[in-house]
Amino acid sequence: MKIAVVGLGGTGSAALRFVAHSGHNAIGYEQFHIGHAHGSSHGESRIIRYTYPDVLFTQMMSDAYKLWFELEKEAEEELLVQCGGLYFGDSNDPQILATERSLIEANLPFERLNAEQVKEKHPAFHLYSNETAIYQKDSGFLRATRCVEANIRLAKKHGAIIHENTKVQEIYTKNNKVFIQSSLGEEEYDRVIVTAGPWMSTLFKSLNLPLVPTRQQIVYLNINDHEEYFQANGTFPVWIDTTDNLYGFPNDGHIAGIKLAFHHCGQVITDVDAERTPVDENYLEEIRSYARKRFPNLGSDVTFSQTCIYTNTPNADFIIDRVNNQPNVFLVSGCSGHGFKFTILLGKIIAMMATDDNGYERNLDRFKLSSFHKILNKFSDD
Ligand SMILES: Cc1cc2nc3c(=O)[nH]c(=O)nc-3n(C[C@H](O)[C@H](O)[C@H](O)COP(=O)(O)OP(=O)(O)OC[C@H]3O[C@@H](n4cnc5c(N)ncnc54)[C@H](O)[C@@H]3O)c2cc1C
């Protein structure tokens with residue numbers, strides 16, 4: 001079959017690789033250059049973890065980890081750094097308790113640490129006596145831009161054709177064939193996969209997709225002393241603070257200092273094509289103030305900062321579906337700020353769906369568009 005993939009971020013680049021690998025005629029469209037910084041999949045690091053309060057995500061991560069290892073092997077480069085992860089908050093936080101239950105149900109190893117034990121193993125962290133941490137050794141981070149580039153490189157090796165700097169203007173169906181209208185003209189396909197991140201709604205206006213793009217900010221702060229406390233050799237794990245809703249990384253070996261950010265949704269973006277503005281001064285101040293209490297050895301100098309987009313669904317579930325009145329068009333979106341670790345699996349699943357392979361064993365009904373409409377109707381009824 002002749003199959004197009006529209007949007008080559010984390011998900012699209014993976015989908016393209018899987019489609020090409022399965023022997024189909026794969027053609028990818030990307031409106032910018034591969035690895036650009038206007039969407040959601042750029043940068044040095046994205047957390048990868050099993051630690052989710054929702055057991056389906058934990059189980060899906062078992063599938064995703066395998067695919068990341070395979071990608072690393074095939075690409076012959078380091079894409080995943082397994083430095084361990086700390087998931088911490090108040091000892092009675094329902095999220096911590098649910099995450100613990102998910103790990104037990106999925107039969108994954110973890111340790112529960114109190115504030116003193118965290119200090120002993122990971123001296124850069126300061127936890128309070130009411131707090132507890134789940135340490136999971138398989139957590140770490142993915143080198144995001146490199147993952148996208150590796151997928152694209154391998155997709156090409158398997159025969160895929162890439163149209164970079166080519167914006168798709170319209171996708172429509174006539175007589176069971178799908179057509180893509182872009183600056184290259186009109187092209188006919190058997191199947192089209194669309195993984196356009198925050199641009200999904202502009203391509204499918206009539207679908208009323210339950211997606212809200214928000215502006216997110218990340219900051220790197222310098223290390224004042226004890227550089228060795230912040231290294232990705234197990235001393236400084238990736239971390240998520242469930243109370244203050246922040247997360248962060250060890251030194252990634254490329255940018256000085258360490259990266260940290262708030263996870264809560266930022267300002268809603270009404271024009272996804274508008275130029276991105278630099279990180280806000282008050283955001284920098286909030287990050288510095290948090291760092292002072294949590295990481296006493298960090299400094300307050302910003303070594304790097306950047307903005308990025310979350311594409312949010314109402315409950316942070318992904319959309320994985322085919323379009324109702326266009327059965328040869330397949331969608332993945334709504335990665336809701338936690339989707340990079342899943343992109344390789346989402347790419348695989350959508351490539352399987354588009355090539356009539358029903359072999360993925362987990363029940364993905366809750367990711368169908370109709371499930372979101374039920375949730376939204378419920379909200380409007382309440
Ligand atoms: C600050 C930040 C931190 C994050 N941290 C984590 C983390 O720690 N762990 C984690 O798992 N996830 C994290 N995420 C989420 C994760 O990065 C995203 O969920 C994921 O990258 C989404 O990938 P995507 O392929 O769906 O979308 P995108 O990366 O946005 O890709 C969509 C692509 O489609 C292209 N496109 C759109 N429209 C068109 C068109 N008409 N024609 C051609 N091309 C088009 C775009 O240019 C873009 O390249 C984070 C996100 C942000 C912003």
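Where is A316 found? A316 sits in the loop between β18 (298-312) and β19 (319-323). The close-ups below come from a predicted model.

**View 1. A316 has a positive phi in the loop between β18 and β19.** Most residues other than glycine have a negative phi. A316, not a glycine, has a phi near 65°. Its relative accessible area is 29%, so A316 is partly exposed. The flanking strands are β18, residues 298-312, and β19, residues 319-323.

**View 2. N175 lies in the loop between β10 and β11.** The loop runs between β10 (168-174) and β11 (177-182). N175 is not a glycine, yet its phi is positive, at about 50°. N175 counts as exposed because its relative accessibility is 76%. The two strands beside this loop are themselves paired: β10 and β11 are antiparallel and share 6 bridges. Within that pairing, Y172 has F179 of β11 as its bridge partner.

**View 3. Strands β10, β11 and β12 form an open sheet.** The sheet has 3 strands in the order β10-β11-β12, and the pairing is antiparallel. β10 and β12 (185-189) are the edge strands; each has a single partner strand, so one side of each has no neighbour in the sheet. From one strand to the next, the twist averages 25°. Y172 and F179 form one of the bridge pairs between β10 and β11.

**View 4. Strand β15 is covered on both faces.** In a regular strand the side chains alternate between the two faces of the sheet. In β15 (residues 238-241), V238 and I240 are on one side. W239 and D241 are on the other. These four residues are all buried.

**View 5. β15 pairs with β5 and with β16.** Strand β5 (residues 85-90) runs parallel to β15, and 4 bridges join them. Y87 stands opposite I240 of β15. Strand β16 (residues 246-248) pairs with β15 in the antiparallel sense, over 3 bridges. Here W239 has G248 of β16 as its bridge partner. The hairpin of β15 and β16 has 4 residues between the strands. In this hairpin N245 takes a positive phi, near 60°.

**View 6. R143 is buried in the loop between β8 and α5.** The loop joins β8 (140-142) to α5 (144-157). With a relative accessible area of 7%, R143 is buried. A polar atom of the R143 side chain lies 3.0 Å from the backbone oxygen of D252. Leaving aside residues up to four places away in sequence, R143 touches G43, E44, E78, L79, V81, D252 and H254. D252 thus appears both in the polar pair and in the list of residues touched.

**View 7. C147 and C335 are cysteines without a disulfide partner.** A disulfide is a covalent bond between the sulfur atoms of two cysteines. The count here, with sulfur atoms required to be within 2.5 Å, is 0 disulfides. For C147, the nearest cysteine sulfur is that of C335, 14 Å away. C147 is buried, at a relative accessible area of 1%. For C335, the closest cysteine sulfur is in C308, at 11 Å, which is too far for a bond. C335 is buried too, with a relative accessible area of 18%.

Terms used. Residues are numbered from 1 along each chain as its sequence is written. This is a predicted model: local features need pLDDT of at least 70, side-chain atom pairs count only at pLDDT 80 or more; totals for chains, interfaces and linings use all residues. Side-chain values use heavy atoms; hydrogens and water are left out. Buried means under 20% relative accessible area, exposed over 50%, partly exposed in between (1.4 Å probe, protein chains only). A polar contact is a pair of N or O atoms within 3.5 Å; within protein, one must be able to donate a hydrogen and the other to accept it, and residues adjacent in sequence count only if both atoms are side-chain atoms. Contact means heavy atoms within 4.5 Å. Two strands pair if DSSP finds at least two bridges between them. Axes are lines fitted to C-alpha atoms, for helices over the stretch in contact, and angles run from 0 to 180 degrees between N-to-C directions.
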